[in-house]
Amino acid sequence: MSHELLIAIIAGLGGMLGWGVADFFAKKTIDELGDVMTLAWAGVFGSGAFLIAVLYQIVIQGQGFYIPRSPETWLVLAFFGALQGAVYIFVYRGFAKGKVGLLSPLFASFAGIVALVSILFLGEQTSAFRVIALFVTFAGVIILNTDFGAVSSFRLSFAKIGGFGNVAIGTVLAALWTILWERFINGADWLFYAFYMFASMTIAVFLFAGFRHLPFSVQRPGLWKFLAAIGVCETVAYIAISLGYGVTSLVSVVSVLSAAFSLPTIILARIFLKERTTLTQTVGTATIIIGVVLLAVL
């Protein structure tokens, strides 16, 4: 296995774990605080965690503090932050309107879109064996996110699926963000760019919340620890994928692996919330594991 592939796999798994654990903690806050304010306050803690990572690079690693001098660069970073915030809001809104078992596979498909575009149109170097491994992993992601009981009991008319439009928009925006973000940070100061992007996303979400006149207060003090955990885990995810996109050219590997973030959520819910694992989830989990192993050995 090449050094570049190893970094891409680690980056993808880091994104998977970070977002998956964040989603687990979000179960504790969204019903009470709402999706937008959960995202906003978690972003504050995440920005603090990002700052610690940046200071580590400066103080321990001896890297100079990078501040973009071009106004255009700041505008682009603000654009990426706002775009990523829009992805969350559209997807959360869609999930609130419809059946998650029908909508989750749609959102997970953004990774497949990214992989196809990167390999077919952006010149990502790959092999037939790696494509097979990616296909197996992506199939596992789709299976893991699909509630076949909901699908079988629902006549698949997209116009009738609640939240379909919101999630479809979020899916396209997520694919667009991923492709453009990789092109922007590859070979650049990816950690600093990720920090500024994440902070911009947090500001954008607070502005959206203010526009919607949403209450900023957190009534129950016990929620703060979950918001902090969400923020730290989100930071881990963004650092991981930005590392993968910044120092490797294997966009497909990072995007497909990071899209399996439902896996750690399901495992943690099984361990701590005693939620039963369905046959579909077991098959999806096993398929993802097989795909990761194939990626590592092919």
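## Exercises on a predicted model

E72 lies in helix 4, which covers residues 71–97. The model used throughout these exercises is predicted.

**Exercise 1. Classify E72 as buried or exposed, and give the C-alpha separation of E72 and K97.**

Step 1. Take the relative accessibility of E72: it is 52%.
Step 2. Apply the cut-off: exposed means over 50%. E72 therefore counts as exposed.
Step 3. Turn to the pair. E72 and K97 are 25 residues apart along the chain. Their C-alpha atoms are separated by 37 Å.

**Exercise 2. Find which members of the largest nonpolar core touch the most other members, then follow F107 outward.**

Step 1. The largest nonpolar core holds 76 residues. F107, W177, W181, Y238 and V253 touch the most other members.
Step 2. Ask which helix gives the most to this core. Helix 10, residues 190–211, does, with 13 residues.
Step 3. List the contacts of F107, leaving out residues up to four places away in sequence. They are V87, V91, V167, G170, T171, A174 and F261.
Step 4. Check for another core. A second, separate one has eight residues, including V21, F24, A26 and C233.

**Exercise 3. Decide why helix 5 can be called largely enclosed.**

Step 1. Helix 5 spans residues 100–108.
Step 2. Pick out its buried residues: G101, L102, L103, S104, P105, F107 and A108.
Step 3. Seven of the nine residues are buried, so helix 5 is largely enclosed by the rest of the structure.

**Exercise 4. Count the aromatic pairs, then work through two of them.**

Step 1. The count comes to 28 aromatic pairs.
Step 2. Take F25 and F226. Their ring centres are 6.3 Å apart, with 40° between the planes. Stacked needs under 30 degrees and edge-to-face over 60, so this pair is tilted.
Step 3. Place the two rings. F25 is in helix 1 (residues 3–26) and F226 is in helix 11 (residues 223–247), so the pair ties together parts that are 201 residues apart in sequence.
Step 4. Compare accessibility with the cut-offs. F25, at 22%, counts as partly exposed. F226, at 16%, is buried.
Step 5. Repeat for F195 and Y196. This pair is also tilted, at 5.4 Å centre to centre and 35° between the planes. F195 is buried, at 12% relative accessible area. Y196 counts as buried too, at 9%.

**Exercise 5. Locate the largest cavity and describe its lining.**

Step 1. Search the whole structure for cavities of 30 Å³ or more. One is found.
Step 2. The largest cavity has about 50 Å³ of space.
Step 3. Its lining residues are A22, D23, A26, T38, L39, A42, Y92, I230 and E234.
Step 4. Group them by element. Helix 1, helix 3 (35–59) and helix 11 give two or more residues to the lining.
Step 5. Sort by class. Six lining residues are nonpolar, one is polar and two are charged.

**Exercise 6. Examine the positive phi values of H213 and K274.**

Step 1. Recall the background: most residues other than glycine have a negative phi.
Step 2. H213 is not a glycine, yet its phi is positive, at about 60°. H213 sits in the loop between helix 10 and helix 11. With a relative accessible area of 72%, H213 is exposed.
Step 3. K274 has a positive phi near 60°. K274 sits in the loop between helix 13 (262–272) and helix 14 (279–297). At 63% relative accessibility, K274 counts as exposed.

Key: Residues are numbered from 1 along each chain as its sequence is written. This is a predicted model: local features need pLDDT of at least 70, side-chain atom pairs count only at pLDDT 80 or more; totals for chains, interfaces and linings use all residues. Side-chain values use heavy atoms; hydrogens and water are left out. A nonpolar core is a set of buried Ala, Val, Leu, Ile, Met, Phe, Trp, Tyr and Cys residues joined through side-chain atoms within 4.5 Å. Buried means under 20% relative accessible area, exposed over 50%, partly exposed in between (1.4 Å probe, protein chains only). Helices (H or I, at least four residues) and strands (E, at least two) are DSSP runs, numbered from the N terminus. Contact means heavy atoms within 4.5 Å. Rings of Phe, Tyr and Trp (its six-membered ring) pair if their centres lie within 6.5 Å; planes under 30 degrees apart count as stacked, over 60 as edge-to-face and the rest as tilted. On a 1 Å grid over the protein atoms alone, a cavity is a set of points where a 1.4 Å probe fits but cannot get out, and a pocket is an open set with protein on both sides within 12 Å along at least five of seven lines; lining residues have an atom within 4 Å of a point. Grid points are joined across faces, edges and corners, and a volume is the space filled by probe spheres set on the points. Ala, Val, Leu, Ile, Met, Phe, Trp, Tyr, Cys and Pro count as nonpolar, Asp, Glu, Lys and Arg as charged, and the others, Gly among them, as polar.
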